[in-house]
Amino acid sequence: MASRILGLDALRFLCALCVVQGHLRLGGYLILDKLDEPHDLVHAIRVAFNQGFPIPTGPNAVIVFFVISGFCIHFPYRNEKKMNFQQFIVRRYIRVGIPALFAAVLLYRTGFIVLQDSVLWSIICEIIYYSIYPVLMMLKHRFGWGLVLAGSFAAAYTVIVLHSGGPYNGNFTSFGTTFTWILGLPCWLLGCLLAETYSKFRSHGRVVQWSFRLGIVSAAAVVTTLRFYAEVGYYWTQPLLAILIFFWLGSEIAYFSKRRPWMWLEQAGSWSYSVYLFHAPVSIYIGHVVGLQFGMSVKLLLELGAVLVGCYLLYRIVERPAHLLARHYVAPNRQVRLVPEVTVGSH
């Protein structure tokens, strides 16, 4: 249980930055909006960028979060027949819930009234997955991951078919808090499957691995294009995108088993959860403070700097203490062997 999976923290931080970029639209304001000629080339670059190429859009990055989360939760228990559910669930609620509650207050104070309009929708899904994880484990031991995954995909697309008849809304959260977690469950379960099968992936060279990365970014760009140009909502395509993410992450784990990632990026991944939770209220607050004193480019750079500094400080003040508190909780029932938390990821 002392083994550490390298690379996933770095990828989580990059995905968190994709979410920040999508909300601030840094690339558009700082670079693309300043380009003029040649017109056709500039237009093509802008279209590609807006569809998530070469920087994937935030909604697709969240699907990566789901898969990595399933991996991190199941990794310590992948060889276990039983688990101490009380310890598991209390630790998860403390670890994820305390920062989320703090973020909810900040989000509300900066204008986010509807849950589905904020990043907290995915945290609600995560908490549901933690709560039903023992049931999922029992189903896995009884039927195997194949049938469990097939059932989750069937449930997700049944929800889509039954609820997609109204006015078009291509967001993954279109069906509200009641059903969104069902759509994300196949993505999360693919992460659980990856926790058991990651060792089967073969390490490739740098050129091949970058081709895989280019491929997953291209697939994500296609998903975004379908959402905005063909009225094929994210809810149709992102569970399928998660399958490709499963294979891509497996290749990344194998790749980084032979080559160490940039350690500064890997270390930054330890506070990517705070970046995801707090970037919106921090940027909004700084934007109000700065006001119209500077041009848009300077204003966005100030917001980005405030997000990085502010989210790191909130990690130290809020997330890190919650993490330590969760780790120190030990359930009184010792009949089942206590399993230490996985050493990758925040979820």
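Visitor: What makes His204 a neighbour of residues beyond its own stretch of sequence?
Guide: In this predicted model, His204 touches Phe212, Tyr255 and Arg259, not counting residues up to four places away in sequence. Touching here means heavy atoms within 4.5 Å. His204 itself lies in the loop between H8 and H9.

Visitor: What separates the C-alpha atoms of His204 and Ser251?
Guide: The separation is 7.7 Å, for residues 47 apart along the chain.

Visitor: Which backbone atom does the side chain of His204 reach?
Guide: The side chain of His204 reaches the backbone oxygen of Arg202, at 3.5 Å. The limit for a polar contact is within 3.5 Å.

Visitor: Why is Lys140 called buried?
Guide: Its relative accessible area is 13%. Buried means under 20%, so Lys140 qualifies as buried. Lys140 sits in helix H6.

Visitor: What makes the link from Lys140 to Glu196 a polar contact?
Guide: The two side chains meet at 3.0 Å. The cut-off is within 3.5 Å, so the pair counts as a polar contact. Beyond four places in sequence, Lys140 is in contact with Arg78, Trp145, Val148 and Glu196.

Visitor: Why is H6 called oblique to H12?
Guide: The axes of H6 (residues 120–143) and H12 (residues 272–290) come within 10 Å and cross at roughly 130 degrees. Roughly antiparallel needs over 145, and roughly perpendicular covers 65 to 115. The crossing fits neither, so H6 is oblique to H12.

Visitor: Which residues form the contact of H6 with H12?
Guide: From H6 come Leu120, Trp121, Ser122 and Ile123; from H12, Tyr273, Tyr276 and Leu277. By class, the contact has 6 nonpolar residues, 1 polar and no charged.

Visitor: And what makes H5 and H12 roughly parallel?
Guide: Their axes come within 8 Å and cross at roughly 10 degrees. Roughly parallel means under 35 degrees, so the label holds for H5 and H12.

Visitor: Which residues of H12 does H5 meet?
Guide: H5 meets Tyr273, Leu277, Phe278, Ala280 and Pro281 in H12. The H5 side includes Arg95, Val96, Pro99 and Ala100. The contact of H5 with H12 counts 12 nonpolar residues, no polar and 1 charged.

Visitor: How many aromatic pairs are there in the whole structure?
Guide: The search finds 23.

Visitor: Why is the pair of Phe75 and Tyr198 called tilted?
Guide: The ring centres are 5.8 Å apart, with planes at 50 degrees. Pairing needs centres within 6.5 Å; stacked is under 30 degrees and edge-to-face is over 60. The angle is in neither range, so the pair is tilted.

Visitor: Why is this pair said to tie parts together?
Guide: Phe75 lies in the loop between H4 and H5, and Tyr198 in the loop between H8 and H9. The pair therefore ties together parts that are 123 residues apart in sequence. Phe75 is buried at 2% relative accessible area. Tyr198 is buried too, at 18%, under the 20% limit.

Visitor: What makes the pair of Tyr77 and Phe88 edge-to-face?
Guide: The planes stand at 90 degrees, with centres 5.7 Å apart. Edge-to-face is over 60, so the name fits. Tyr77 is in the loop between H4 and H5, Phe88 in helix H5, 11 residues apart. Tyr77 is buried at 7% relative accessibility, and Phe88 is buried at 3%.

Visitor: Which residues do ring pairs link into a cluster?
Guide: Phe66, Tyr77, Phe88, Trp121, Tyr129, Tyr133, Phe172 and Trp188.

Visitor: How do you know that Arg227 is buried?
Guide: Its relative accessibility is 12%. The limit is under 20%, so Arg227 counts as buried. Arg227 lies in helix H9. Its contacts beyond four places in sequence include Tyr168, Asn169, Val232 and Tyr234.

Visitor: Why does Glu231 count as exposed?
Guide: Its relative accessibility is 56%. Exposed means over 50%, so Glu231 passes. Glu231 is in the loop between H9 and H10.

Visitor: What is the phi of Glu231?
Guide: Positive, about 55 degrees, although Glu231 is not a glycine. Most residues other than glycine have a negative phi.

Visitor: Which residues does a cis peptide bond join?
Guide: Phe53 and Pro54, with omega about 10 degrees. Most peptide bonds are trans. Pro54 is in the loop between H3 and H4.

How values were computed: Residues numbered from 1 in each chain as written. Predicted model: local features only at pLDDT ≥ 70, side-chain atom pairs only at ≥ 80, totals over all residues. Heavy atoms only, no water. Axes fitted to C-alpha atoms, helices over the stretch in contact; angles between N-to-C directions. Helix = DSSP H or I, 4+ residues; strand = E, 2+ residues; numbered from the N terminus. Nonpolar A, V, L, I, M, F, W, Y, C, P; charged D, E, K, R; others polar. Buried < 20%, exposed > 50% of the residue type's maximum accessible area, 1.4 Å probe, protein only. Polar contact = N/O pair within 3.5 Å; in protein donor to acceptor, adjacent residues only side chain to side chain. Phe/Tyr/Trp six-rings, centres within 6.5 Å; stacked < 30°, edge-to-face > 60°.
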